[in-house]
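Me: I should like a close look at a single part of this structure, namely the surroundings of the ligand. Which residues are the closest to the ligand, and what may be said of the loops beside them?

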Amino acid sequence: MNILLVFAHPEPRSLNGALRDVAVAALRAEGHAVRVTDLYAEGWKAVVDREDFPGLAPEERLRAAAASAAAFEAGALTADVRAEQEKLLWADALILQFPLWWYSMPAILKGWVERVYAYGFAYGVGEHSDRHWGDRFGEGTLAGKRAMLLVTAGGWAEHYSARGVNGPIDDLLFPINHGILFYPGYQVLPAFVAYRVDRLDGPGFEALAEELRGRMRGLASDAPIAFRQQNGGDYAIPALVLREGREAPGARGFALHRVEG
Ligand code: FAD
């Protein structure tokens with residue numbers, strides 16, 4: 001497979017840097033081709049603003065989605081964004097790697113998503129009507145490809161368990177797994193999350209590295225999270241509400257959007 005790893009940590013000598021090297025080596029050992037986008041090292045521009053749309057007349061009000069659509073359609077997105085889109089089309093699998101910062105991804109990675117996921121590329125794709133609400137949530141430009149998160153967290157696994165004070169990790173990562181990865185079509189694998197990493201020692205690192213190697217070996221074959229297809233009949237369209245009785249008994253919240261509930 002072709003694999004793109006988008007790396008969002010400012011320090012190459014960090015734990016994240018070491019885990020990236022482990023992941024890339026394990027993937028290459030499996031015969032995969034790997035490309036890395038190192039956002040901090042490459043000085044990624046993290047905000048959407050007028051500079052992203054050089055074709056926009058100075059007197060024209062910036063409307064981000066409309067400007068994105070026009071620039072995508074005209075092939076006029078900036079070169080850095082086009083290069084990342086080309087990598088996404090090349091890759092059979094995408095890995096987003098980051099330390100959990102304030103219960104989410106670092107701003108630079110959010111900015112990568114906001115800029116690279118142009119209208120017409122990642123959203124605004126497919127027919128939008130009362131019968132079909134766009135090619136999204138399981139369909140879209142990146143359908144047929146796989147994706148997963150590689151995350152490190154200072155908090156303990158218990159803090160992120162079903163009754164943990166931080167909230168369950170599956171819930172915290174839902175907006176990324178479902179809203180960012182499943183949305184444009186990716187099949188999303190369960191995240192690799194390393195907990196309680198801030199005082200990690202040598203043996204702890206080796207155990208973590210071995211676990212990560214195992215996940216990298218399974219990247220092509222592990223079962224994805226069973227998110228429901230938006231246009232597969234489970235949701236009433238155009239309300240996009242899950243039809244009554246589709247969920248497993250007792251399922252609530254984000255779990256409603258997984259087939260197994
Ligand atoms: P590093 O600091 O580089 O390393 C962590 C430990 O691993 C160190 O002990 C280091 O010695 C060891 N290590 C590094 N490399 C190796 C190696 N090659 N071999 C052996 N040991 C090694 N945590 C949460 O749980 N929830 C949050 O919401 C959250 N918000 C945060 C917000 C901010 C702004 C910051 C700065 C931190 C936050 N944290 C949070 C903690 C954060 O998630 C962790 O600090 C981060 O995941 C650690 O990853 P790192 O790569 O920066 O680790």
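Reply: A residue is called buried when its relative accessible area is under 20%, exposed when that area is over 50%, and partly exposed in between (1.4 Å probe, protein chains only). The model is predicted, and for this reason local features need pLDDT of at least 70 and side-chain atom pairs count only at pLDDT 80 or more, whereas totals for chains, interfaces and linings use all residues. Residues are numbered from 1 along each chain as its sequence is written, and side-chain values use heavy atoms, with hydrogens and water left out.

Let us begin with the shell around the ligand. It consists of 20 residues, a residue being near when one of its heavy atoms lies within 4 Å. The closest are His9, Tyr103, Thr152, Tyr160 and Asp198. Sorted by class, the shell holds 12 nonpolar, six polar and two charged residues; here Ala, Val, Leu, Ile, Met, Phe, Trp, Tyr, Cys and Pro count as nonpolar, Asp, Glu, Lys and Arg as charged, and the others, Gly among them, as polar. Helix α1, which covers residues 15–29, gives the largest share of this shell, three residues. Helices (H or I, at least four residues) and strands (E, at least two) are DSSP runs numbered from the N terminus.

Several backbone atoms approach the ligand. At Leu15, a backbone N or O atom lies 2.8 Å from a ligand oxygen atom. At Trp102, a backbone N or O atom is found 2.9 Å from a nitrogen atom of the ligand. At Gly154, a polar backbone atom is 3.2 Å from an oxygen atom of the ligand. The protein buries 66% of the 980 Å² that the ligand exposes when taken alone, areas being computed by the Shrake-Rupley method with a 1.4 Å probe and, for residues, with only the protein chains shown as cover.

We may now turn to the loop between β3 and α4, which contains Trp102. Tyr103 also has its place in the loop between these elements, and Met105 is found there as well, with β3 spanning 93–99. Trp102 is not a glycine, yet it has a positive phi of about 50°. Tyr103, likewise not a glycine, has a positive phi of about 65°.

Are these loop residues buried or exposed? Trp102 counts as exposed because its relative accessibility is 79%. Tyr103, at 37%, counts as partly exposed. Met105 has a relative accessibility of 7% and therefore counts as buried. The C-alpha atom of Met105 is 17 Å from that of Pro12, although 93 residues separate the two along the chain.

Tyr103 also leads to another loop. Its side chain is joined to that of Asn166 by a polar contact of 3.1 Å. Such a contact is a pair of N or O atoms within 3.5 Å; within protein, one must be able to donate a hydrogen and the other to accept it, and residues adjacent in sequence count only if both atoms are side-chain atoms. Asn166 itself is located between β4 (146–152) and α5, in the loop that links them. Asn166 counts as buried because its relative accessible area is 18%.

To bring these points together, Tyr103 is among the residues closest to the ligand, and its side chain makes a polar contact with Asn166. Tyr103 is partly exposed, whereas Asn166 is buried.
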